[in-house]
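This briefing introduces the structure shown below to a reader who has not met it before. Its topics are one tryptophan residue, the nonpolar core, an open sheet and the surroundings of two ligands.

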Amino acid sequence: MDLKEEIRAKAMEKGFQLFGVSDMDKLETVEFPTDRGLEKPSDFMADARSLIVMGMVIWDEGMNAAICTPGTGDFSGGEAEYYNLYYETVETRAWRLAQWLWDEKGIKAAPTHSVHVKVAAYLAGLGFIGHNTQVITPEYGPRVRWIALLSTAELEPDKPFTRDLCAEQPLCQKESLCVKACPYGAIIPGPSQGVPAGEKVIYDKCVVSHELEKDINSKWEKHIRRITERGFMECTLCNLACPYGKVLDQEIIPKKRGLA
Ligand code: SF4
Ligand code: SF4
């Protein structure tokens, strides 16, 4: 088995369902919003030779739990403390893979959320960036959370994803179901491609951006699924609306719940 296939198999064993390798040079040139804690791959690891992208399927809404203190900042830092279950889970799993790479192959690797992981997933051929700006995969729709793993391994990049899954989706021909599902009109209709980085979802209109506030207005509270005083299950209405993700409701979730 070649190295890439060996790493893929190990990633599956560590709890990921999707795996690909991005073209790092292309990712270097991709525009990203400057206020979301993102950076270029080379800023994160100067000697990286490959960028692996891995996806974990979200089959229970509880995986979207987040806890934060009030304060300013974004989800990657600032004065507010922020804990997010899926962030921590994918990162921990990726660190286990990095440990294996070091122990077994002498390859240096480090996971990060700070590169533009959605574009990385597209470049790795794993999915299409849909009208809701999420990566829509043929296998699981957008119900996937991602992590990048930069490494010193020389790995052949995969080819970018070529299909336009939104244009192909019969149920979204009249109106994009994800756009329609947002109770705050935060998603600008139409394709994400061609829209300046960070502008497709109007940040202040998305309920998730208000979780850091101390006194959350009742307008937002309605769709903040509070589980404790400062714990929330993040809004996923635009994610759950995507027809490509329905395979989870029909097949995967019943199995996970032991019902099928
Ligand atoms: S997460 Fe909720 S509020 Fe934010 S864009 Fe999606 S549906 Fe709208
Ligand atoms: S709901 Fe429709 S338009 Fe939105 S991402 Fe899914 S397929 Fe694309």
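A residue counts as buried if 20 or more other C-beta atoms lie within 10 Å of its own, as exposed if 12 or fewer do, and as partly exposed in between. The model is predicted, and the points below are grouped by topic.

**Trp59 and its surroundings**

- Trp59 has 17 other C-beta atoms within 10 Å, and it is therefore partly exposed.
- The residue belongs to the loop that links β2 (50–57) with β3 (65–68).
- Apart from residues up to four places away in sequence, Trp59 touches Leu248, Ile252, Ile253 and Lys256.
- Between Trp59 and Arg143 the C-alpha to C-alpha distance is 7.5 Å, although 84 residues separate them in sequence.

**The nonpolar core**

- In soluble globular proteins, nonpolar side chains tend to be buried together.
- Here the largest nonpolar core comprises 56 residues.
- Leu51, Val53, Met54, Ala120, Ala121, Ala148 and Leu149 have the most contacts inside this core.
- For Ala121, the contacts beyond four places in sequence are Gly20, Val53, Gly55, Leu126, Gly127, Val135 and Trp146.

**The open sheet**

- An open sheet is built from four strands in the order β6-β3-β12-β11, with antiparallel pairing.
- The edges are formed by β6 (82–84) and β11 (225–226); each has a single partner strand, so one side of each is left without a neighbour in the sheet.
- The antiparallel strands β11 and β12 (residues 231–233) are joined by two bridges.
- Opposite Arg226 stands Phe232, which is in β12.
- Across β3 and β6 lies helix α4 (residues 85–105), which runs at about 65° to β6.

**The surroundings of ligand 1**

- The residues around ligand 1 are Ala181, Cys182, Tyr184, Ala186, Ile187, Val201, Cys206, Val207, Val208, Cys235, Leu237 and Cys238.
- This shell contains twelve nonpolar residues, with no polar and no charged ones.

**The surroundings of ligand 2**

- There are 15 residues around ligand 2, of which Gly130, Cys166, Cys172, Cys178 and Cys242 come nearest.
- At least two residues of this shell are supplied by each of α6 (165–168) and α7 (177–181).
- By class, the shell of ligand 2 has ten nonpolar, five polar and no charged residues.

Key. Residues are numbered from 1 along each chain as its sequence is written. Chains are lettered from A and ligands numbered from 1 in the order in which they are written. This is a predicted model: local features need pLDDT of at least 70, side-chain atom pairs count only at pLDDT 80 or more; totals for chains, interfaces and linings use all residues. A residue is near a molecule or strand if its C-beta atom, placed from the backbone, lies within 6 Å of it. Ala, Val, Leu, Ile, Met, Phe, Trp, Tyr, Cys and Pro count as nonpolar, Asp, Glu, Lys and Arg as charged, and the others, Gly among them, as polar. Two residues are in contact if their C-beta atoms, placed from the backbone, lie within 7 Å. A nonpolar core is a set of buried Ala, Val, Leu, Ile, Met, Phe, Trp, Tyr and Cys residues joined through C-beta atoms within 7 Å. Two strands pair if DSSP finds at least two bridges between them. Axes are lines fitted to C-alpha atoms, for helices over the stretch in contact, and angles run from 0 to 180 degrees between N-to-C directions.
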